[in-house]
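Biologist: Please show me the model, and let us discuss how its side chains pack.

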Amino acid sequence: MAIRPKSDVSSKARWSLIVLLCGFTLYFIAYVIFRHAAFDTAGYDLGNVSQSMWNTLRGKPLAMTTMQAVSSRWALHFEPILLLFVPLYAVLPSPVMLTVLQVLVVAAGALPIFWLGRRLFGSDWAGVLYAGVYLMYPALQAAVVFDFHGVTLAATFLAFALWALLQRRYVAFGVASLLAMSCKEDMPLLVLMMGLYILLIQRQWQVGLVTVAISVIWFVMANFVIIPAHSPIGDNIHIVRYGDLGDSMDEVIVSVFTRPLRVLVVAFESTRLPYWLLLTMPVAFTSLLDPAIFLMALPTLAINTLSSNSATYTPDRFHYTAPIVPFIVVSSIGGVARLSRWLARDEKKLRSTWRNRLLIVVVGASLGYHLMAGYTPLRRGFQWPTPDAHDVMAGQMLEKIPTQASVSAANSLVPRLSNRSHIFIFPKTEDAEYVAIDTRSSYFPFGDREELCAATRQLMTGSDYGTVFFSDGLILLRRGVSDQVAESPTALCDGVP
């Protein structure tokens, strides 16, 4: 992908970009605040992260208690980027701060996309349009609203890394790459792919070799040293998702290279085929015309599609696709430029005509896909997250819990209670003084709602917990006290859908 110099941005294009960035930022800040107020956030993972930040401020780096047998965030993921945000958490110790911060970081990723678009096409407006395509990408928006995850932040750092790579600004590339790798333990594989691009296509041997070496060392240290040292099983606890390829991290990695047919069968199994189709649909499949950039995302594509957890290959609901989005959008920029040159048959006057036509197609595809899967009122059936009377009652119930008490709580209640030394996600109770349950919220991590209700009934009748609050599917229990309400556990889930 050749990058041409470009003069200063026109005033209209600059203001259009500012409006895009401010509109995205303000809208999604409001969205995540209201989502939290409506108890749509969760212990997995906003509660996990917020508690680990709170504990870090108290001398216990990234310690957490929410999950069975897990005592450190690094048992789940290696995300040293979180340590950079600890000072902010000291000033604003709230899970909402993390989700707002995530919006701000993700919005910044549109800047390198804009810069690449305008420089490659020689048009400010092409850059603005692609910045809009990036911000409107449903998979990116899904990651923004789905609690807080380090890997969501990686999308922005990878976008900056791609811009610096294609500009051959290798110092900036190095900084952006280090930030991206610090967001999750598998991000070094994406940096590795960019290092191979520097080696094989840009022919910058020294920079390429250093990039490859650092990314490999980082990946090995994160996945074979740091995570196993904190994991209750001595390995990545997510490795069970890859049972088709092996029972340990090293077995899975070896299988990827020694059993390519099995890898292809799993990755392109019928339930995963829609994922491959939907990935590039928002850019009218133009990413496929610049395979050198698009295939840099191959490691994350493999991680997502080889997993047995369907969430990893559901692009528009969860966070797993976020780091792929910059590669899709940047390769679309290169693909459109390449196709417009081919269609113009080297006639410069026709090139801009074909470019504009193709940009209209890409923007049309982006808007069309957004109508189906986006997170704005443009989507059919869109609903703003609005707190209701039940949510108000849940907040009142949680106010009854002392700030220093140990608590076991339903997944949806944990973020509101996470700033304490001991907070557990029900059914993990340990020696919790209080247990707070909402049978009307998501029943995860239980298999279904009846399983949640059965576990609650058992706790109410077969333990030393007394019921201190019981209304509208909300239950608050306290250890060592007598029942203070007369409701029967048999009516626990009556009327609950």
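The discussion below turns to the nonpolar cores and the aromatic rings.

Modeller: This is a predicted model, in which local features need pLDDT of at least 70 and side-chain atom pairs count only at pLDDT 80 or more, while totals for chains, interfaces and linings use all residues. Residues are numbered from 1 along each chain as its sequence is written, and side-chain values use heavy atoms, with hydrogens and water left out.

Biologist: Which helix gives the largest share of the largest nonpolar core?

Modeller: A nonpolar core is a set of buried Ala, Val, Leu, Ile, Met, Phe, Trp, Tyr and Cys residues joined through side-chain atoms within 4.5 Å. Buried means under 20% relative accessible area, exposed over 50%, and partly exposed in between (1.4 Å probe, protein chains only). The largest core has 101 residues, and Phe28, Tyr130, Tyr134 and Met194 have the most contacts inside it. Helices (H or I, at least four residues) and strands (E, at least two) are DSSP runs numbered from the N terminus, and the largest share of this core, 13 residues, comes from helix α9.

Biologist: How many residues does the other core have?

Modeller: This core lies apart from the largest one. Ala394, Ala405, Ala409 and Ala436 are among its members, and its size is 20 residues.

Biologist: How are the rings of Tyr31 and Trp384 arranged, stacked or edge-to-face?

Modeller: Rings of Phe, Tyr and Trp (its six-membered ring) pair if their centres lie within 6.5 Å; planes under 30 degrees apart count as stacked, over 60 as edge-to-face and the rest as tilted. The centres of the Tyr31 and Trp384 rings are 5.4 Å apart and their planes stand at 80°, so the pair is edge-to-face.

Biologist: How far apart in sequence are the parts that this pair ties together?

Modeller: Tyr31 belongs to helix α1 (residues 11–37), whereas Trp384 belongs to the loop between α19 (348–373) and α20 (389–398). The pair therefore ties together parts whose separation in sequence is 353 residues.

Biologist: Is Tyr31 buried or exposed?

Modeller: Trp384, its partner in the pair, counts as partly exposed at 29% relative accessibility. Tyr31 has a relative accessible area of 8%, so Tyr31 is buried.

Biologist: Which residue lies over the face of Phe39?

Modeller: A charge sits over a ring if NZ of Lys or CZ of Arg is within 6 Å of the ring centre and within 35 degrees of the ring normal. One example is Arg379, over the face of Tyr375 at 5.6 Å from the ring centre. Over the face of Phe39, at 4.0 Å from the ring centre, lies Arg416.
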